[in-house]
Protein chains: 4
Amino acid sequence: METTSTFQNIPTDKQLRVLTEARAEFAERGFLGASMNRLAARLGIAKGSLFKYFGSKEGLFAKVFDQAVDRFSEGLRQARDETAGLPLAPRLERILDEGTRLVRQHPDIYRIYLKMLNHEDFPLRERFLSKVRALSTRFLTPVVLQARDRGELPPDLDPDLAVFVLDAVLDRFVLAQAEPWMAAGLALSLEDPEAARRTARKLAALLAGMLRANAPNPSPPEGTPLGIDPLR
Amino acid sequence: METTSTFQNIPTDKQLRVLTEARAEFAERGFLGASMNRLAARLGIAKGSLFKYFGSKEGLFAKVFDQAVDRFSEGLRQARDETAGLPLAPRLERILDEGTRLVRQHPDIYRIYLKMLNHEDFPLRERFLSKVRALSTRFLTPVVLQARDRGELPPDLDPDLAVFVLDAVLDRFVLAQAEPWMAAGLALSLEDPEAARRTARKLAALLAGMLRANAPNPSPPEGTPLGIDPLR
Amino acid sequence: METTSTFQNIPTDKQLRVLTEARAEFAERGFLGASMNRLAARLGIAKGSLFKYFGSKEGLFAKVFDQAVDRFSEGLRQARDETAGLPLAPRLERILDEGTRLVRQHPDIYRIYLKMLNHEDFPLRERFLSKVRALSTRFLTPVVLQARDRGELPPDLDPDLAVFVLDAVLDRFVLAQAEPWMAAGLALSLEDPEAARRTARKLAALLAGMLRANAPNPSPPEGTPLGIDPLR
Amino acid sequence: METTSTFQNIPTDKQLRVLTEARAEFAERGFLGASMNRLAARLGIAKGSLFKYFGSKEGLFAKVFDQAVDRFSEGLRQARDETAGLPLAPRLERILDEGTRLVRQHPDIYRIYLKMLNHEDFPLRERFLSKVRALSTRFLTPVVLQARDRGELPPDLDPDLAVFVLDAVLDRFVLAQAEPWMAAGLALSLEDPEAARRTARKLAALLAGMLRANAPNPSPPEGTPLGIDPLR
DNA sequence: AATGAATGAGGATTCATTCAT
DNA sequence: TATGAATGAATCCTCATTCAT
């Protein structure tokens, strides 16, 4: 199931080609739809070699998926760290932009990530999902905590709740660019990066405002006139 | 592609069994992974009958999927309409609760939706997904507009943006119950309905607050002194 | 295998519809390609009825084929008998024209006749082929014999040989109109009846001349200049 | 559709066996009737291998058919070229004899041709049949033209008409040996080669005479007095 | 180490036919 | 008599995987 040393020993550029082509095959067809036969033909190498390298279809997918998660988490972590000192809104905006950039630069990787999410009968699922979870939780939690510590957010805000919301919206924002039918009425398309940036800006402001406004008492008195909203 | 009259003519309880078992097969394996052979065996009927009933694997899936969408949309629409007069927060809470109820009552249906969402390049993907999206958008848009008209939300709030965020969070909230690894740090599990209800309450308040707090100018001047923030 | 009395008892126009549609199905798809399921659907009657009427697919085909042969032989026999007193060339021309007319009027029938010819593993083959053979041999032999008796053809002409050649060319002439790729360089198309008639005229003259010229000594001395051909 | 290199790489005798057995399967059952499953069983190899070799049933058929056409056209071309200097009658006789020889030597090939001719609406029908027709036309046209140029035939003879007749009779002559019920009253059977040769001799003389006798004016005046016909 | 021929289970689908209603 | 639901064998074809070379 694991990548064998045989694969490590072949020339680096061939390794790269194999993984790139495999990623494309999985991205285009999904795990079940992908075919080792077709992949071997794409690559012009022997079918046997693929099994020598990765043991099985699953083994190959594992390798491809690991790489995909690594590449995405790296980009996002960098965006987070570069904005460590900024207020929440610009940070979120930068993170959304980075999501845009990643999905544009590595569309195959993102599609594989998506396919993986709900692939229930996959043997290595546990391992993969823990990776994904860690990515999203460990990545956003510091952003929220730092904002709270800096006084930008109410101290009684539940950080888990905030991370949950941010994660959901961030995920959907990226997804909506890869899958236009997800964009609902928003201007989000791979063809118009500028529109995506404007939407990211508005979204970041909205999210930051939401968290800042979060009140400890869940449901405020009805009819409170907006003008004298105590939160403003 | 369409359900034939043959299927309409068989006993209702047999119709039910066929659709239930088919839903389970698709939920467990996804579209590509599902097998008409296996399904026929599960049902103890001839393979040919399935094709008589539904024409093709796609035809069967279409039937199952349409039913699923109907069942979910019905529940959500009801939740929305029953709360037509209430303020935003309790409405959202009720909608989140309804999502919880639906995913618990029809886990297979939700699993099929998930499979479709990210998973496979099956033939009718586009048609089905746009159906789901339209459902969700048409469903949430009135909620936002009514809240705005009632003065609960700022008049310059972009409704599409608000719907986008609500949809993303609602989706994730339901997903997190079907897939506990998605819950991040939140208390959300199919085993503890009470916890889910508490989380729904907090989440609804957070979202309502977000929309209320939304400012017309997307990104406020960076230097906004936090000092005069009443929340401090 | 035989048409049952059940079929004889249904309304005549329904009988007609069933046989017409069946003929079309067999003509379009061939025996193996034809589908009883599809035919029943075309007719809008129950599958079971077809089997009640004809016992089996083969039984239905037998019925259709018998009808086809009857209709063709009837037309040709009539053409022959109407021209009983004429010289050979006009008789052949009239027969060729009748072939043209038949294949234009009943294209399905002709296509079925063709399909039947080489359908080796058909159980009723013997019976069918004897019908076809009888048709062609019994039909043309009198034409040749009468021409010989009337002194139009050399008395030592082998009638079987003459019938063989006439049958081959007549068959091909009709076939070439049903299947244009068979026409080689000749002007023969279903769209242009006049061209077919001209070709028939030339062909009839050629054939009549051939038979008239037939010499008892098979291979004439080489180089014999045509001008002093002893046969003229 | 094309034969893959996989097939080229297996031992020659296995290649031969596969093609021979495939030819027999198609000859016995026709294109639709032939079964890849049955063929694999006949050969004692895996089903998958056949598809590796030829891609599809059509691909296999194309290979078998191309081989068949090649083998037949080669023999006929040789017969034609060997008799380039001879008068028409002996040339035709030699060609008829070669037809006899080919159908005896490769009965399966001829049976496949027959199946294709009239039988089925299989996918590549048009392509294959036009190939066969072109072969036959291109093959006979030079024979006719050379005879005309050598003064053996009237210069105003329509070559297309002559080729049409020759082709029809040649075809039927060969067919009559493969399918005795087609022989009408002629002595033509696979069991008695000598009888076939005698018939070929008579037929060749008849055909040569036909062409020689062909008059420029298609239909001679009906009243032509038979009394001065030297043949009487 | 790499190859690629061989495998045979399994895929979706169509079919002629039967028989209870 | 007519129906049409049920059957399950057979169709072509693809697949991941193995293993002798």
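## Around DNA strand E

Of the 35 residues around DNA strand E, which come nearest? In this predicted model, the answer is K57(B), M36(C), T6(D), K14(D) and Y53(D). On the DNA side, sugar and phosphate make up 61% of the atoms of strand E that come within 4 Å of the protein.

Several helices take part. At least two residues of the surface near DNA strand E come from each of these: α4 (47–54) of chain A, α3 (36–43) and α4 (47–54) of chain B, α3 (36–43) and α4 (47–54) of chain C, and α1 (5–9) and α4 (47–54) of chain D. Sorted by class, the residues of this surface are 13 nonpolar, 13 polar and nine charged.

## Phosphate contacts on strand E

Let us look at some individual atoms. Chain C offers backbone atoms here: a backbone N or O atom of A34(C) sits 2.9 Å from a phosphate oxygen of DNA strand E, and a polar backbone atom of M36(C) is 2.8 Å from a phosphate oxygen of that strand. M36(C) was also named among the residues that come nearest to strand E. From chain D, N9(D) uses its side chain, with a polar atom 2.8 Å from a phosphate oxygen of DNA strand E.

## Around DNA strand F

Now to the other strand. DNA strand F has 35 residues around it, and T6(B), K14(B), Y53(B), S49(C) and K57(D) come nearest. Sugar and phosphate account for 61% of the strand F atoms that come within 4 Å of the protein. The surface near this strand holds 13 nonpolar, 13 polar and nine charged residues.

Which helices each supply at least two residues of the surface near DNA strand F? They are α3 (36–43) and α4 of chain A, α1 (5–9) and α4 of chain B, α4 of chain C, and α3 (36–43) and α4 of chain D. Phosphate contacts can be picked out here as well. A polar backbone atom of M36(A) lies 2.8 Å from a phosphate oxygen of DNA strand F, while a polar side-chain atom of S35(A) is 3.4 Å from a phosphate oxygen of the strand. Chain D adds A34(D), with a polar backbone atom 3.0 Å from a phosphate oxygen of strand F.

## Chain A as a whole

Chain A has ten helices and zero strands. Of its 232 residues, 53% are buried. Among its contacts with a separation of 6 or more, 67% join residues 24 or more positions apart.

An unreviewed UniProt entry annotates residues 35–54 of chain A as "DNA-binding region". Over that stretch the chain is 80% helix and 0% strand, with its end C-alpha atoms 14 Å apart.

## How confident is the prediction?

The mean pLDDT of chain A is 80, and 80% of its residues reach 70 or more. Where along residues 215–232 of chain A you look, the pLDDT is below 50, and beyond near neighbours in sequence this stretch has 18 contacts in the model. Among the helices of chain A, confidence is highest in α4(A), at 92, and lowest in α7 (residues 107–117), at a mean of 75.

## A closer look at Q15(C)

Q15(C) belongs to helix α2 (residues 12–33) of chain C. Is this residue buried or exposed? Q15(C) counts as buried because its relative accessible area is 16%, under the 20% cut-off. Its side chain reaches the backbone oxygen of Q8(C) at 3.0 Å. Setting aside neighbours within four places in sequence, Q15(C) is in contact with F7(C), Q8(C), N9(C) and I10(C).

Key:
Residues are numbered from 1 along each chain as its sequence is written. Chains are lettered from A and ligands numbered from 1 in the order in which they are written. Side-chain values use heavy atoms; hydrogens and water are left out. A residue is near a molecule or strand if one of its heavy atoms lies within 4 Å of it. A polar contact is a pair of N or O atoms within 3.5 Å; within protein, one must be able to donate a hydrogen and the other to accept it, and residues adjacent in sequence count only if both atoms are side-chain atoms. Helices (H or I, at least four residues) and strands (E, at least two) are DSSP runs, numbered from the N terminus. Ala, Val, Leu, Ile, Met, Phe, Trp, Tyr, Cys and Pro count as nonpolar, Asp, Glu, Lys and Arg as charged, and the others, Gly among them, as polar. UniProt positions are given in the numbering used here, feature names are shortened, and annotations may be inferred rather than shown by experiment. pLDDT is the predictor's confidence in each residue, from 0 to 100. Contact means heavy atoms within 4.5 Å. Buried means under 20% relative accessible area, exposed over 50%, partly exposed in between (1.4 Å probe, protein chains only).
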